[in-house]
Amino acid sequence: MPAQKRKRSHWRRLLSESVTTLEDLPLHLPKDDRFRKLLHQYPMRINPYYLGLMGQKDDPIYRQCVPDLEEISNPNGLEDPLDEEGRSPIPGLTHRYPDRVLFLVSAQCAVYCRFCNRKRKVGRPGMVTAQSIREGIDYIRCHKAVRDVLLSGGDPLLLGTRRLHHLLREIRRIPHVEIIRIGTRVPCTLPQRITPRLARMLGEFHPLYIHTHFNHPLEITPEATLACGRLADAGIPLGCQTVLLKGVNDSPGIIKALMQRLLMIRVRPYYLFQGDLAKGTAHFWTPVRRGLEIISALQGYTSGLCIPHFAVDLPGGGGKITLLPDQVKWQADGSFLVKTYEGKVFHYPATGE
Ligand SMILES: *Cc1c(COP(=O)(O)O)cnc(C)c1O
Ligand code: SF4
């Protein structure tokens, strides 16, 4: 056989075949000039793998990735709901909590999720530059309190393997950085990216954690199972950060099925997020009490491993708070009454008072 040039990797080919224009979408959207404005403001990208999970208009996959005119017609929400810019000592690095930073290292994602809380930024030039990455590393190096670095974006795993390796090596060289975390939706939206080579490379940087992001049981496919298995086999603990989305997953049955299936692919539920108040995403918002109802519907009915923390990220930059359903009634003597998942009331005595 004649010598061949190294083939472009499968995931890069899939990414290059993404649908980015309305004309290429194999579905009929109503003809409306406002769609052009919408796509100009908030880019679309749906790679063929994720597109293949879509069954019909308005199904949970469709709702997550196909643009909706509500994104530009609904004025509710904030450009930067978590005040990330206000808490960024340098562009692309948010230092909100004492011991950890959020470091944006890629502007690209395998799919542009319509509900993204960083939709003001993702997919745009200038979100991440070689300089912002260099400055981010310098910042971490100079701040000894930072023991936990969370790489995010965009999607860090859309960086080339060699580039990512270089970046991880730079961060690992900083003695006070104890753990590295990567937030990535790739195991869900482009699992082909998780090649054996990538998993092996990531495994050089332990302790390294991955937070991935699945929102619906339809996303747990054989491909996603293989991808998560490869990461888990490389010794990487996997967590999931799901977002509650109206019309996608805002019911106890869907969330329970999702959490149980995540455990089957070796991913531990971490957070269930209330949708952030990002502009262009208001049509996805659910009442906060829905999240609490969902947690109540899980507690006791399924294993504690299946139950994520229900978290609200406060507008204005207050950070994440976790909410629990009201279960406890304190008594004056330090004892309390508590309601079980079956609705029975029990008394727990005062201890160590
Ligand atoms: C969510 C977040 C983190 C990580 O929070 P954990 O609760 O530790 O997972 C860190 N920094 C910022 C700015 C965040 O928004
Ligand atoms: S993968 Fe994450 S960062 Fe990228 S568009 Fe989706 S939610 Fe936003």
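Buried means under 20% relative accessible area, exposed means over 50%, and partly exposed is what falls in between. I keep that at the top of the page, since several entries lean on it. I also note that this is a predicted model.

**Entry 1: Asp-58 and Asp-83**

I started with Asp-58. I found Asp-58 in the loop between α3 (48–51) and α4 (60–65). Its relative accessibility is 44%, so I filed Asp-58 as partly exposed. I then looked up the backbone: phi of Asp-58 is near 70°, a positive value in a residue other than glycine.

Asp-83 went on the page next. Its phi is near 50°, again positive in a residue that is not glycine. Asp-83 belongs to the loop between α5 (70–73) and β1 (93–97). At 27% relative accessibility, Asp-83 counts as partly exposed.

**Entry 2: cis peptide bonds**

I turned to omega angles. The bond from Gly-153 to Gly-154 is cis, with omega near 20°. Gly-154 has its place in the loop between β3 (148–153) and α7 (161–172). I will meet Gly-154 again below, as one of the residues around ligand 2.

His-206 and Pro-207 are also joined by a cis peptide bond, and there omega is about -5°. Pro-207 is in the loop between α9 (196–202) and β5.

**Entry 3: ligand 2**

Where does ligand 2 sit? I found ligand 2 in the largest pocket. I wrote down its neighbours: Cys-109, Val-111, Tyr-112, Cys-113, Cys-116, Gly-154 and Arg-185. Sorted by class, this shell has 5 nonpolar residues, 1 polar and 1 charged.

**Entry 4: ligand 1**

The list around ligand 1 reads Thr-94, Arg-96, Tyr-97, Arg-100, Leu-102, Leu-150, Arg-181, Tyr-270, Tyr-271 and Lys-320. I then looked up distances from ligand oxygen atoms to side-chain N or O atoms. For Tyr-271 I noted 2.6 Å from an oxygen atom of ligand 1 to an N or O atom of the side chain. For Arg-181 the corresponding side-chain distance from a ligand 1 oxygen is 2.9 Å. For Lys-320 an oxygen atom of ligand 1 is 3.1 Å from a side-chain N or O atom.

**Entry 5: Asn-215**

Is Asn-215 buried or exposed? Its relative accessibility is 0%, so I put Asn-215 down as buried. Asn-215 lies in the loop between β5 (208–212) and α10 (222–233). Its side chain makes a polar contact of 3.0 Å with the side chain of His-213.

I also listed what Asn-215 touches, leaving aside residues up to four places away in sequence: Gln-64, Phe-115, Arg-185, Thr-242, Val-243, Leu-245, Asn-249 and Leu-258. Arg-185 caught my eye, as Arg-185 is also among the residues around ligand 2.

**Entry 6: Thr-161**

Which side chain makes a polar contact with that of Thr-161? I found Arg-193, at 3.0 Å. Thr-161 lies in helix α7. Thr-161 is buried because its relative accessibility is 10%, and the limit for buried is under 20%. Not counting residues up to four places away in sequence, Thr-161 touches Arg-193, Arg-197, Leu-198 and Met-201.

**Entry 7: Ser-296**

Ser-296 is a residue of helix α12 (residues 288–298). With a relative accessible area of 34%, Ser-296 is partly exposed. Its contacts, leaving out residues up to four places away in sequence, are Tyr-301 and Pro-325. I also checked a distance: Ser-296 and Val-312 are 16 residues apart in sequence, and their C-alpha atoms are 16 Å apart in space.

**Entry 8: His-28**

Last stop, His-28. His-28 is in the loop between α1 (10–16) and α2 (34–41). Its relative accessible area is 76%, and so I marked His-28 as exposed. How far apart are the C-alpha atoms of His-28 and Val-122? They are separated by 26 Å, with the two positions 94 residues apart along the chain by numbering.

Terms used: Residues are numbered from 1 along each chain as its sequence is written. Chains are lettered from A and ligands numbered from 1 in the order in which they are written. This is a predicted model: local features need pLDDT of at least 70, side-chain atom pairs count only at pLDDT 80 or more; totals for chains, interfaces and linings use all residues. Side-chain values use heavy atoms; hydrogens and water are left out. A residue is near a molecule or strand if one of its heavy atoms lies within 4 Å of it. On a 1 Å grid over the protein atoms alone, a cavity is a set of points where a 1.4 Å probe fits but cannot get out, and a pocket is an open set with protein on both sides within 12 Å along at least five of seven lines; lining residues have an atom within 4 Å of a point. A molecule sits in a cavity or pocket if more than half of its atoms lie within 2 Å of its grid points. Ala, Val, Leu, Ile, Met, Phe, Trp, Tyr, Cys and Pro count as nonpolar, Asp, Glu, Lys and Arg as charged, and the others, Gly among them, as polar. Helices (H or I, at least four residues) and strands (E, at least two) are DSSP runs, numbered from the N terminus. Buried means under 20% relative accessible area, exposed over 50%, partly exposed in between (1.4 Å probe, protein chains only). A polar contact is a pair of N or O atoms within 3.5 Å; within protein, one must be able to donate a hydrogen and the other to accept it, and residues adjacent in sequence count only if both atoms are side-chain atoms. Contact means heavy atoms within 4.5 Å.
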